[in-house]
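Thanks, everyone, for making time this morning. I would like to take you through one model, starting from its overall layout and then turning to a few individual residues.

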Amino acid sequence: MKSLWVFHVNTGACNGCDIEILDVLTPYYDVERLGVKLVPTPRHAHALLVTGPLTRQAYHAARMAYEAMPPKPRLVIAVGTCACSGGIFHDSYALRREHRESFEYPLRGGASEFLPVHLYIPGCPPRPEEILYGIALLKNIVEKKVRGSWFSESAFVLPRESFNAWVEVLLRARIRKELGYFDGYPLLRRFMELVESSESKEELEKLVQKAISEESDSRLRYGLEKLYSYYLEVVRTYESILAAKRALVRLPK
């Protein structure tokens, strides 16, 4: 089914569900992009959209609308808690069955009491997104669009350039507090060159120790030590984030 023409019947709703259905028809949600169109007569409708509890007064009109629909597919969609189960009106006198010889009345008020409902969209009222999801589910669009996704290690691990850029941003604020921007920023660029030239934490440690031993300015030696300690702190934070993500999606370590 590529399109779904719908005839709307209010069988006693408070209009809350009707307003949400109007929202679905607005350009913001644009349900017509799914092929759904509201038609003025049940004779052209594929589906009957029912809102509200099935009252005594509305039952026969809803039944006539249902029988006036084409025999196939002749779907019934119950929108809102009242249409699904009667809601707060389930024990209302207006919905209670009264045994008469020539009439039958709904017992609890849900549309399924006398109409074969194919789709229930509960909510008081349901949000437009829920109505869209229900219609998409009915048209098997969800099964086509929503598929399982599998994560891999590469989906979480930042590329080296991105990781170094992230580290530099974090260290920039730290070193400015320690040495100020005049001495701190050039020292940070020097430290990041060491980071980019090293392949492991051990190699970086050796490079930093060598740079500290060759530095004559005690303030810069202090800055290099602080940058290295901050760098290790950032790496530990990054590894803890990776471990949390692996545990969340159950990736192997």
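I will begin with the chain as a whole, then move to the sheet, and end with some cysteines and one glutamate.

Please keep in mind throughout that this is a predicted model. The protein chain contains nine helices and five strands, and if you follow the sequence from its start you meet them in the pattern β-α-β-β-α-β-α-β-α-α-α-α-α-α. Of its 253 residues, 41% count as buried, while the chain exposes about 15500 Å², with carbon and sulfur atoms supplying 55% of that area. If we take the contacts between residues at least 6 apart in sequence, 74% of them join residues at least 24 apart.

Let me turn to the sheet. The five strands form an open sheet in the order S2-S1-S3-S4-S5, and the pairing is parallel. At the edges we find strand S2, residues 36-38, and strand S5, residues 119-121, each of which pairs on one side only. Neighbouring strands of this sheet are turned against each other by 25 degrees on average, if direction is ignored.

Which strand deserves a closer look for its burial? I would choose S3, residues 47-51, because five of its five residues are buried, so the strand is largely enclosed by the rest of the structure. In a regular strand, side chains alternate between the two faces of the sheet. In S3, Ala47, Leu49 and Thr51 point one way, whereas Leu48 and Val50 point the other way, and all of them are buried. On the S1 side, five bridges join S3 to S1 in a parallel arrangement, and here Val6 stands opposite Ala47. On the S4 side, S3 and S4 also pair in the parallel sense, over five bridges, with Thr51 standing opposite Val79 of S4.

Moving on towards the edge, strand S4, residues 75-79, pairs with S5 in the parallel sense over three bridges, and Ile77 has Leu119 in S5 as its bridge partner. Helix H4, residues 128-138, lies across S1, S2, S4 and S5, and runs at about 165 degrees to S5.

Now to the cysteines: how many disulfides does the structure hold? The count is zero. For Cys14, the closest cysteine sulfur is that of Cys17, and because the two sulfurs are 6.2 Å apart, they are too far from each other for a bond. Cys84 is likewise in no disulfide, the nearest cysteine sulfur, again that of Cys17, being 8.6 Å away. As for their surroundings, Cys14 counts as exposed, at 66% relative accessibility, whereas Cys84 counts as buried, at 15%.

The last residue I want to show you is Glu215, which sits in the loop between helix H8, residues 201-214, and helix H9, residues 218-249. Is this glutamate buried or exposed? Glu215 counts as buried because its relative accessibility is 13%, which is under the 20% limit used for that term. Its side chain makes a polar contact with the side chain of Arg190, at 2.9 Å. Leaving aside residues up to four places away in sequence, Glu215 touches Arg190, Leu220 and Arg221.

To close, the two places I would ask you to revisit in the model are strand S3, with five of its five residues buried, and Glu215, with its polar contact to Arg190.

Key. Residues numbered from 1 in each chain as written. Predicted model: local features only at pLDDT ≥ 70, side-chain atom pairs only at ≥ 80, totals over all residues. Heavy atoms only, no water. Helix = DSSP H or I, 4+ residues; strand = E, 2+ residues; numbered from the N terminus. Buried < 20%, exposed > 50% of the residue type's maximum accessible area, 1.4 Å probe, protein only. Contact = heavy atoms within 4.5 Å. Areas by Shrake-Rupley, 256 points an atom, 1.4 Å probe, with all protein chains shown as cover. Pairing = 2+ DSSP bridges. Axes fitted to C-alpha atoms, helices over the stretch in contact; angles between N-to-C directions. Disulfide = S-S within 2.5 Å. Polar contact = N/O pair within 3.5 Å; in protein donor to acceptor, adjacent residues only side chain to side chain.
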